[in-house]
Amino acid sequence: MAEAPTAGSDEGSVDAFLQGGTSLRHAPGPYFGSYGGRWMPESLIAALDELEDTFDKAKADPEFTAQIADLNKNYSGRPSLLTEAKRFAEHAGGVRVFLKREDLNHTGSHKINNVLGQALLAKRMGKTRVIAETGAGQHGVASATAAALLGLECVVYMGAEDCRRQALNVARMELLGATVVPVTNGSQTLKDAINEALRDWVANVGNTHYLLGTAAGAHPFPAMVRYFHEVIGEEAREQILAQVGRLPDAVCACIGGGSNAIGIFHGFLDDPSVKIYGFEAGGDGVDTGRHAATITLGKPGVLHGARSYLMQDDDGQTIESHSISAGLDYPGVGPEHSYLADIGRVSYEPITDSEAMDAFRLLCRTEGIIPAIESSHALAGAIKVGQRLAAEGNASDKIVIVNLSGRGDKDVATAAEWFDLLDKDSAEAAIGKEGEQL
Amino acid sequence: MTSKSAIAIDKARAEGRAALIGYLPAGFPSVEDTIAAGIALARNGADLIEVGIPYSDPVMDGPVIQAATTEALAKGFSVRQVFDVVAGITAETDAAVLVMTYWNPVLRMGVDEFSRRLAEAGGAGLITPDLIPDEAAEWMEASDKYGLDRVFLVAPSSSPERMRRTVEASRGFVYAVSIMGVTGARTSVSTAAQGVVAAAKEAGAERVCVGLGVSNADQVAEIAAYADGVIVGTALVSAIRDGGVDAVASLTKDLSAGLTRK
């Protein structure tokens with residue numbers, strides 16, 4: 001559990017919220033308790049104001065909401081399924097486990113929900129160019145996809161090391177018409193790609209929208225990115241009520257920046273009977289220093305525009321994160337999650353690389369579904385949650401929903417290397433050793 | 001409240017010229033060099049000195065300053081050493097010494113504690129590139145308590161309303177960003193700068209200094225015609241990188257030749 005915050009503790013107010021009838025689902029920002037805000041250069045404030053204004057008007061415009069609904073249905077393939085995972089559930093204490101199948105969306109993850117929404121907003125603002133950051137390439141590919149669909153120029157910033165390791169994702173983005181810019185400064189990771197995208201935005205803000213990939217950053221990004229992912233939680237809630245006739249006992253999601261998680265949590269935040277869990281990347285283990293367990297071990301600070309939990313040293317310098325999952329490998333986290341942690345509404349726990357990879361293989365073999373390694377953190381967490389629920393008795397009456405945020409096709413080389421499945425002389429083994437994702 | 005920055009700028013004004021403000025990143029190439037270069041800046045015509053704290057995620061900085069601060073961090077620079085730099089320069093010169101810092105290192109130490117130590121070291125105040133007045137409640141309080149200047153930034157994109165609020169929240173001077181972009185030498189200073197200065201004055205600013213992209217005496221002269229001070233960063237960082245303290249001294253001498261209003 002998170003260490004007590006230094007200022008503005010919101011401990012205990014969750015009961016007040018849930019019993020007092022105040023909704024947690026639609027927190028508008030800019031602040032979530034003492035988190036969030038706009039810790040940004042003045043040069044970008046006008047652009048954030050313009051974005052906030054455009055977003056507020058779009059939400060209230062039936063034409064915009066109809067456009068989103070149409071793209072979700074006829075382009076992304078929504079609603080995504082809610083699939084019961086019966087054989088997998090046997091390993092989770094025998095509770096019933098349902099998977100929210102964001103892996104079935106176009107481009108293979110939840111990311112498409114946010115990029116379509118933001119690309120539409122970019123067009124509304126009359127911007128002709130979008131920029132994005134990407135770690136492994138998932139958000140970059142999704143951004144390039146939305147830009148191609150809507151006729152926008154797209155530039156993606158990606159750490160130089162990631163470009164080398166993810167050469168095929170670079171090719172994907174280029175096939176979709178985007179330009180990929182390798183970032184060679186700082187630690188050459190996702191956070192430096194965000195820094196470089198911000199520098200581009202400052203210089204080109206007149207014609208450019210920064211299509212941030214997660215529910216972090218300066219206001220209005222956290223609340224806006226959540227809005228575009230709320231469909232996940234709303235569908236899941238309706239689907240479980242239709243299939244089982246009641247709400248689940250627990251909802252599980254993985255957390256990097258936290259966009260898929262806040263999307264599914266949204267559906268259940270106001271249901272006091274539903275326990276909610278976010279699973280962070282524990283890397284080699286939280287006691288090794290090589291992890292991305294931001295809420296578990298970080299301290300509040302400001303990075304990339306928001307106050308939130310942050311992996312930082314005693315000088316306030318950002319510490320590099322580590323995870324087998326590129327999508328969770330980020331030293332910050334969205335501010336709404338920091339707030340939900342402090343008030344105790346959501347429990348955040350770390351899952352190690354090894355626990356995640358065990359869950360990855362288990363889902364492959366029990367359900368015939370290859371999950372993203374990111375989502376495998378949620379699956380590993382669900383096994384623990386299921387076993388805890390089962391220990392309370394009546395296991396088969398308990399229900400757990402897991403947000404299966406993405407498919408694992410991109411992770412096959414990493415997994416094959418992890419499980420030693422490749423002939424050591426094969427080309428694929430050479431690729432896997434370099435961390436390539438196919 | 002007396003403001004060390006205002007006194008330094010007013011002294012230049014009384015001499016019929018704009019003030020020169022020079023930036024150096026602390027710990028590049030070493031803490032001792034930063035102190036020596038700061039003293040050289042002051043002795044060769046700089047009225048104010050801006051000491052930067054190297055930070056892991058400097059989103060407002062271009063490649064030259066990024067490379068310098070990354071190197072300082074790699075060599076083990078720690079935030080508390082900035083107070084040694086400030087004390088080292090103020091002990092030897094009359095220049096007003098400000099610290100330029102991204103906000104998280106200040107938050108981590110504690111805003112009050114950081115402010116107390118800065119004041120103790122003889123510092124004039126803080127320049128805060130990623131802190132806007134909207135988020136600055138704690139800093140407003142601490143800067144009042146310790147008598148420190150609050151230098152916020154205004155940009156070509158700032159609305160009149162934001163310009164007014166930022167000017168109101170500032171003490172010492174207002175930092176006018178000359179261009180929509182990051183730090184780095186540019187061949188010409190954007191024409192936007194003069195508009196930003198005019199807007200800040202319109203909003204009530206008594207002292208407005210212009211930074212970003214200024215690297216030579218001609219540009220200094222151009223800006224000195226309409227602003228109260230001229231801020232030079234990247235060019236000085238290149239100088240200390242390539243020619244050490246002597247190069248800083250001679251560049252400062254060149255730059256200061258542009259200050260006198262024609």
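**Two chains in contact, and some backbone details**

In this predicted model, the contact draws on 27 residues of chain A and 34 residues of chain B.

User: Which element of chain A gives the most residues to the side that touches chain B?

Analyst: Happy to walk you through that side of chain A. The elements that supply two or more residues there are β2 (35-39), α2 (45-59), α9 (190-204) and β11 (299-303) of chain A. With six residues, the one that gives the most is α9(A).

User: And by class, how many residues on that side of chain A are charged?

Analyst: Let's go through the classes in turn. Nonpolar residues number eleven and polar residues ten on the side of chain A that touches chain B. The number of charged residues there is six.

User: Which residues does the cis peptide bond in chain B join?

Analyst: Good one to look up in the structure. Go to the loop between β1 (19-25) and α2 (31-43) of chain B, where P29(B) is found. Omega is about -5° for this cis bond, and the residues joined are F28(B) and P29(B).

User: In which loop is P79(A) found?

Analyst: P79(A) is joined to R78(A) by a cis peptide bond, with omega about 0°. To find P79(A), look in chain A at the loop between α3 (62-76) and β3 (82-84).

User: N394(A) has a positive phi although it is not a glycine; is N394(A) buried or exposed?

Analyst: Its phi is about 50°, and N394(A) sits in the loop between α15 (373-391) and β14 (399-404) of chain A. A residue counts as exposed if 12 or fewer other C-beta atoms lie within 10 Å of its own. N394(A) has 10 such atoms within 10 Å, so it is exposed.

User: L212(B) also has a positive phi without being a glycine; is L212(B) buried or exposed?

Analyst: L212(B), with phi about 90°, lies in the loop between β8 (208-211) and α10 (217-224) of chain B. The cut-off for a buried residue is 20 or more other C-beta atoms within 10 Å. L212(B) has 27 within 10 Å, and therefore it is buried.

User: Within what arc do the buried residues of α9(B) fall?

Analyst: The buried residues in α9 (residues 192-202) of chain B are A193(B), V196(B), V197(B), A199(B) and A200(B). They pack against β6 (153-154), α8 (160-169), β7 (174-177), β8 and α10 of chain B. Seen down the axis of α9(B), they line one face of the helix because they fall within an arc of 165°.

User: Which residue just after α9(B) takes a positive phi?

Analyst: Follow chain B just past the end of this helix. There, a positive phi of about 110° is taken by G204(B).

How values were computed:
Residues numbered from 1 in each chain as written. Chains lettered and ligands numbered in written order. Predicted model: local features only at pLDDT ≥ 70, side-chain atom pairs only at ≥ 80, totals over all residues. Contact = placed C-beta atoms within 7 Å. Helix = DSSP H or I, 4+ residues; strand = E, 2+ residues; numbered from the N terminus. Nonpolar A, V, L, I, M, F, W, Y, C, P; charged D, E, K, R; others polar. Arc of directions from axis to C-beta.
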